[in-house]
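This briefing sets out selected features of the structure shown below. It begins with a single residue and then moves to strand pairing, a pocket and the chain as a whole.

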Amino acid sequence: GQFSLRGGDQGRGVLKDILDYEFRMLNLSGAFALNQDWQANTAFEYSELRSFRTGEKKYHAFSPILTVSRMKQLDATTLLSIDTNVRYAFTKTISAYEIPGVFEDDGDNWQAGATLTYVKIMGPDGRLVVLPSVGFTRTGYLKNTHDGRADYLWTAGVSAMYSLTEHFGFQAFVTYGNKSANSLGRSLLGSSQKYTNLDIGVAITGQYDF
């Protein structure tokens, strides 16, 4: 993540060291059918943050995840998909020195969420697929002074994928997010407990079945 910061005082360099980071993730998952309509996916995920400049690890988390989903066909070109998931995150924040009231496992949390996606296949050859979606996630923290804190994230977005050939295509997306917290989260985090976010992007995609 790269951030542009205003101002030219000493704090700018400190903030850039904090905010410029490299994110890494490894995910191992497997899917199986629950019945004719519902499918489950279990996964184990490891993620970490490192300093963009020094490579020093600042944070890591290990999360077992369970997802249950269903896709219902409404007509020949329209589908409706619902995904629900729960995960537990075992976290560790790595600091060069001890900070009073801050513990390495403050980030441990339960997370539950649901996403509803509408899939529309368009065009005479079905090359264009449009996917509007809405989602909600609740994150409940469990350790130390953060025990009882809950964060709420609402998302809404739309993506479009166009297949140029059997193996290559283009994708464009826009996603809006709104995060807030309960009373404990507001008291612990102050103004940082709430934010809005807008992501816009394009991508070239490739796939090969074997």
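In this predicted model, Gly-113 counts as buried because its relative accessible area of 12% falls under the 20% cut-off. The residue belongs to strand S5, a strand that takes part both in antiparallel pairing with S4 and in the lining of the second largest pocket.

**Surroundings of Gly-113**
- Leaving aside residues up to four places away in sequence, Gly-113 is in contact with Asp-83, Thr-84, Asn-85, Phe-136 and Thr-137.
- One of these contacts, Asn-85, lies in S4, where Asn-85 stands opposite Thr-67.
- Another contact of Gly-113 is Thr-137, which is listed among the residues closest to the centre of the second largest pocket.
- Between Gly-113 and Trp-154 the C-alpha to C-alpha distance is 9.8 Å, although 41 residues separate the two in sequence.

**Strand pairing**
- Strands S3 (residues 57-75) and S4 (residues 78-93) run antiparallel and are joined by 14 bridges.
- A hairpin is formed by S3 and S4, with two residues between the strands.
- S4 also pairs with S5 (residues 109-122), again in the antiparallel sense, through 12 bridges.
- Within the pairing of S4 and S5, Ala-89 is placed opposite Asn-109 of S5.
- In a regular strand, side chains point alternately to the two faces of the sheet.

**The second largest pocket**
- The volume of the second largest pocket is about 280 Å³.
- Its lining comprises 13 residues, and the closest to the centre are Thr-115, Gly-135, Thr-137, Leu-153 and Thr-155.
- At least two lining residues come from each of S5, S6 (128-141) and S7 (150-163).
- S6 makes the largest contribution to this lining, with five residues.
- Classified by type, the lining holds eight polar and five nonpolar residues, and no charged residues.

**The chain as a whole**
- The protein chain contains two helices and nine strands.
- Along the sequence these elements follow the order α-β-β-β-β-β-β-β-β-α-β.
- Buried residues make up 23% of the 210 residues of the chain, and Gly-113 is one of the buried residues.
- Of the contacts between residues at least 6 apart in sequence, 49% link residues at least 24 apart.
- The exposed area of the protein chain is about 14100 Å², of which carbon and sulfur atoms supply 59%.

Terms used:
Residues numbered from 1 in each chain as written. Predicted model: local features only at pLDDT ≥ 70, side-chain atom pairs only at ≥ 80, totals over all residues. Heavy atoms only, no water. Pairing = 2+ DSSP bridges. Helix = DSSP H or I, 4+ residues; strand = E, 2+ residues; numbered from the N terminus. 1 Å grid on protein atoms, 1.4 Å probe; cavity = no way out; pocket = protein on both sides within 12 Å on 5 of 7 lines; lining within 4 Å. Points joined across faces, edges and corners; volume = space filled by probe spheres on them. Nonpolar A, V, L, I, M, F, W, Y, C, P; charged D, E, K, R; others polar. Buried < 20%, exposed > 50% of the residue type's maximum accessible area, 1.4 Å probe, protein only. Contact = heavy atoms within 4.5 Å. Areas by Shrake-Rupley, 256 points an atom, 1.4 Å probe, with all protein chains shown as cover.
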